[in-house]
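Visitor: I would like to learn how to read the interfaces in a structural model, going from whole domains and chains down to single residues. Where should we begin?

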Amino acid sequence: MSAEEPHEVHLVVNGTTYDVQVPARRLLSDALRHDLGLTGTHVGCEHGVCGACTVLLDGRPVRACLLLAVTVDGHEVTTVEGLAGPDGTLSAVQEGFRQCHGLQCGFCTPGFLTTVTAGLRENPDPTHEEAREMVAGNLCRCTGYQNIVRAVERAAELGREQA
Amino acid sequence: MKPAPVGYLRPTSLEEACRALADDPDAKVLAGGQSLVPLLSMRLAAPSTLVDINALPGLDGVEVDEAGVRVGALVRHADLLAHDGAARVQPLLRMALSHVAHAPIRNRGTTVGSLVHADAAAEMPAVLALLGGTVEVVSARGTRTVAGADLVVGPLESSLAHDEVATSAWFPALADGQGVGFAEISRRQGDYALCGVAALVRRAAGRVVEARAAYLAVDETPTVVDLLPALDGDPDGDPDEARLAAAADLALASLSPAGDIHATEQYRAHLARVLTVRVLREADDHARRRGQGGAA
């Protein structure tokens with residue numbers, strides 16, 4: 001068996017099923033960007049430190065750069081493209097980031113949005129400390145953390161208002 | 001930073017997985033991959049084939065009884081961290097797991113995978129060694145049990161043979177009178193520790209009768225040091241500053257902290273000293289609270 005033999009993989013991303021052929025070494029982050037054309041997932045450090053590539057796998061945040069696409073065959077993936085409503089309405093988390101200027105250059109933003117979406121689902125009413133903890137695994141090189149933490153708290157408020 | 005070409009197998013039975021490993025000495029087991037995939041991407045590891053064990057049945061359970069906690073090879077760190085039964089029987093698991101990387105990594109990474117990855121900077125190998133836990137290992141040749149203390153033999157080197165799959169780990173329950181503590185210092189919470197210490201203290205009849213600490217990110221393997229000689233004979237009161245300082249001296253005598261770009265040898269030794277005192281006090285307090293019929 002050649003090591004580059006392609007594997008048939010069914011990825012369910014943002015509710016749509018994609019059948020792609022990938023070599024075993026293809027990272028999920030690259031499969032999303034190159035094979036599916038979903039470039040919202042950003043690739044920063046590629047060894048799990050920065051969190052820019054964070055996506056939801058069966059609803060839980062994971063690093064797309066630390067998963068081989070072939071290993072998530074048949075699982076549900078949500079990328080940043082899947083967070084807004086079908087009509088383009090921003091989610092509470094996206095709206096919170098918009099209102100509080102929770103982004104500067106925007107490179108790290110997709111990872112923050114997916115991480116916070118899952119974080120607020122688990123803990124809809126975080127304390128200030130918990131909001132900080134929620135984003136502690138993601139790096140922002142513009143050091144926009146103060147506004148990002150405010151955005152998490154605002155998103156929690158918006159989420160509670162919508163509930 | 002992309003992995004080199006690699007083959008991929010997804011066996012659906014343990015026998016099939018063992019056979020694949022036996023047939024190919026360069027094959028490697030993939031579970032959560034949170035330590036392995038970075039090594040592949042940086043091309044520090046280049047196995048011929050990945051044997052993905054995620055489809056194997058029966059490896060995703062946590063079993064808790066009075067004796068301890070058995071953790072299947074596919075249990076993610078996040079699920080063990082959230083497991084109230086496991087935390088009740090052995091509180092050190094939750095204390096240490098909260099320091100294992102960040103939530104998105106804990107969601108995929110497995111505790112057993114972290115153990116056999118054998119990284120001396122990781123929390124769980126030190127915890128397993130401190131508690132005297134074991135790892136259950138299966139190959140085409142049969143089943144064996146590896147003591148936590150014998151698991152890590154060098155940097156990223158476990159005592160498992162290339163054809164063996166770790167199927168579960170067992171952590172003993174906290175015994176009567178025992179207490180535990182854990183602390184680590186890292187540059188960002190969740191990053192690799194510059195130094196971490198786990199401690200276990202047991203009190204009986206108002207005295208410390210058992211005291212040891214395990215060190216991570218200090219030596220090339222997780223090191224467990226018996227600190228009872230420094231605390232022995234402690235009268236009824238708190239272990240005093242002098243005894244705790246003596247325990248830290250005793251620990252340092254068994255450690256050879258290395259320097260790197262994040263911490264010099266001296267700084268790492270300083271951290272080991274400070275954290276030893278801190279976690280011994282924490283473990284002793286914990287033992288007292290439990291001894292007085294308090295909660296775990």
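Guide: We can begin inside one chain, keeping in mind that this is a predicted model: taken over C-alpha atoms, the centres of domain 1 of chain A and domain 2 of chain A are separated by 22 Å. Domain 1 covers 7-82 and domain 2 covers 92-162 of chain A.

Visitor: How many residues of domain 1 of chain A are in contact with domain 2 of chain A, and what is the area buried between them?

Guide: The size of an interface is often given as the accessible area lost when the parts come together. Here 17 residues of domain 1 of chain A are in contact with 13 residues of domain 2 of chain A, and the area buried between the two domains is about 1100 Å², with carbon and sulfur atoms giving 62% of it. On the side of domain 1 of chain A, the residues that lose the most area to domain 2 are A:His42, A:Leu56 and A:Val80, which together make up 38% of what that side buries.

Visitor: How many salt bridges and how many residue pairs in polar contact are there between domain 1 and domain 2 of chain A?

Guide: The count of salt bridges between these two domains of chain A is 0, whereas the rule finds 5 residue pairs in polar contact across their interface, with both residues at pLDDT 80 or more. Strands β3 (54-57) and β4 of chain A each supply at least two residues of the side of domain 1 that touches domain 2, and the largest share of that side, 3 residues, comes from β3(A). By class, that side of domain 1 of chain A has 8 nonpolar, 8 polar and 1 charged residues.

Visitor: Strand β3 of chain A holds A:Thr54; is A:Thr54 buried or exposed?

Guide: A:Thr54 counts as buried because its relative accessibility is 2%, and the cut-off for that class is under 20%. A polar atom of the side chain of A:Thr54 lies 2.7 Å from the backbone oxygen of A:Gly51. Leaving aside residues up to four places away in sequence, A:Thr54 touches, among others, A:Pro61, A:Val62 and A:Arg63, as well as A:Pro110, A:Gly111 and A:Asn138.

Visitor: Turning to the two chains, how many residues of chain A are in contact with chain B, and what area is buried between chain A and chain B?

Guide: In this case 29 residues of chain A are in contact with 30 residues of chain B, and the area buried between the chains is about 2600 Å², of which 58% is given by carbon and sulfur atoms. In chain A, the residues losing the most area to chain B are A:Arg25, A:Arg60 and A:Leu66, together 23% of what that side buries.

Visitor: Which salt bridge does B:Lys2 form, and how many does the rule find across the interface of chain A and chain B?

Guide: The rule finds 3 salt bridges across the interface of chain A and chain B, and B:Lys2 forms a salt bridge with A:Glu46, in which the closest N and O atoms are 2.6 Å apart. Between chain A and chain B there are also 8 residue pairs in polar contact, both residues being at pLDDT 80 or more. Strand β4 (residues 60-63) of chain A gives the most to the side of chain A that touches chain B, with 4 residues, and the residues of that side divide into 16 nonpolar, 6 polar and 7 charged.

Methods:
Residues are numbered from 1 along each chain as its sequence is written. Chains are lettered from A and ligands numbered from 1 in the order in which they are written. This is a predicted model: local features need pLDDT of at least 70, side-chain atom pairs count only at pLDDT 80 or more; totals for chains, interfaces and linings use all residues. Side-chain values use heavy atoms; hydrogens and water are left out. Contact means heavy atoms within 4.5 Å. Buried area is the accessible area (1.4 Å probe) that two parts lose on being put together, summed over both. A salt bridge is a side-chain nitrogen of Lys or Arg within 4 Å of a carboxyl oxygen of Asp or Glu. A polar contact is a pair of N or O atoms within 3.5 Å; within protein, one must be able to donate a hydrogen and the other to accept it, and residues adjacent in sequence count only if both atoms are side-chain atoms. Ala, Val, Leu, Ile, Met, Phe, Trp, Tyr, Cys and Pro count as nonpolar, Asp, Glu, Lys and Arg as charged, and the others, Gly among them, as polar. Domain bounds come from an automatic or database domain assignment. Buried means under 20% relative accessible area, exposed over 50%, partly exposed in between (1.4 Å probe, protein chains only).
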